[in-house]
Amino acid sequence: MSLVEYSEVVQEGDVVIVFLGHDAMMPVHVRSGAQTQTRYGAIRHSSDLIGRRFGSKVTCSKGGWVYVLHPTPELWTLNLPHRTQILYSTDIATITLMLDLKPGAVVCESGTGSGSLSHAILRTIAPTGHLHTVEFHTERAQKAREEFVRHRVGHLVTVRNQDVCRQGFGVEGVADAVFLDIPSPWEAIQHAKAAIKRQGGRVCSFSPCIEQVQQTCEALVASGLQELLTLEVLLRVHDVRSVTLPLPDFGPEDDQHTHTHTHTQPAPGNAVVTVKTATPPREMAGHTGYLTFATKVRE
Ligand code: SAH
């Protein structure tokens with residue numbers, strides 16, 4: 001198992017996602033002899049997980065069952081231990097697209113935080129790219145390193161425990177893309193520019209507040225980066241529902257009278273019709289943050 005490559009069978013040391021139904025999931029680190037408690041009873045790693053195919057249905061000790069799923073960056077984002085605020089797949093998808101991320105890309109990121117975005121970047125740039133991620137909180141940097149190794153992507157990433165605003169990314173002139181998710185991104189723009197390859201690289205900064213965006217844009221312009229664009233991604237998932245409506249009476253089917261009918265009357269006998277409709281959500285998860293992009297062009 002690896003977060004960037006699929007394998008068929010669960011092995012010792014893997015991280016699997018145990019799916020409990022109704023969107024409930026949990027990550028499990030597989031170790032022979034260990035047990036994990038679920039609401040359906042215990043899962044015994046040696047007999048229930050190791051050697052089983054990913055996607056299998058596993059019966060727990062109380063008779064209930066779960067599915068054992070192969071981890072993906074998207075599932076990891078939904079299941080990871082939160083050490084910070086994290087980015088979710090909706091924003092990550094736009095970041096991946098707009099930063100032109102692809103296999104072989106070299107990417108700089110700060111802060112690492114809980115590693116939600118990092119895992120998605122790693123999957124996209126594997127097997128030949130590299131991620132340089134900078135996190136000034138020592139424990140978070142260490143935890144991220146441990147997770148990358150456990151998820152078998154350690155060879156694709158370098159974690160640096162330093163302040164990106166003072167010390168930069170630790171590399172210069174190599175990055176295809178730089179991503180910032182820190183409270184004062186304007187203080188890191190010069191370092192972002194220095195990290196990017198000579199021309200054509202892209203920068204993205206995530207900020208929840210428009211005042212942060214304003215200061216970041218000023219720093220981007222001052223540093224000579226171009227093609228500034230700020231956007232916000234809002235997700236509307238439409239529900240398909242059946243609704244029952246009274247059947248309207250359109251009057252007699254007579255061409256000459258078609259234009260004289262101004263009102264429709266309910267059809268006799270309370271006739272109804274059931275139709276499928278797609279309705280947007282009444283409430284939805286709103287603002288997460290603004291994404292500001294810029295390009296380094298030939299000077
Ligand atoms: N994008 C991450 C979340 C980042 S949270 C994810 O998806 O999981 C912001 C992180 O930036 C925090 O962990 C914080 O410690 C770190 N940070 C803030 N300022 C920083 C700086 N100047 N240098 C390095 N890391 C910084």
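This dialogue goes through the interface of domain 1 and domain 2 in a predicted model.

Student: Which domains does the assignment give, and what separates their centres?

Tutor: The bounds, which come from an automatic or database domain assignment, give domain 1 as 15-71 and domain 2 as 76-234 + 287-295, and the centres, taken over C-alpha atoms, are separated by 33 Å. Residues are numbered from 1 along each chain as its sequence is written. In this predicted model local features need pLDDT of at least 70, side-chain atom pairs count only at pLDDT 80 or more, totals for chains, interfaces and linings use all residues, and side-chain values use heavy atoms, with hydrogens and water left out.

Student: What area is buried between domain 1 and domain 2?

Tutor: Interface size is often given as the accessible area lost when the parts come together. Here the buried area (accessible area, 1.4 Å probe, that two parts lose on being put together, summed over both) is about 500 Å², with carbon and sulfur atoms giving 69%. Val15, Met25 and Pro27 lose the most area in domain 1, together 65% of what that side buries.

Student: How many salt bridges does the rule find across the interface?

Tutor: A salt bridge needs a side-chain nitrogen of Lys or Arg within 4 Å of a carboxyl oxygen of Asp or Glu, and across this interface the rule finds zero.

Student: Which elements give two or more residues to the side of domain 1 that touches domain 2?

Tutor: With strands taken as DSSP runs (E, at least two residues), numbered from the N terminus, these elements are β1 (15-21) and β2 (24-29), and β2 provides the largest share, four residues.
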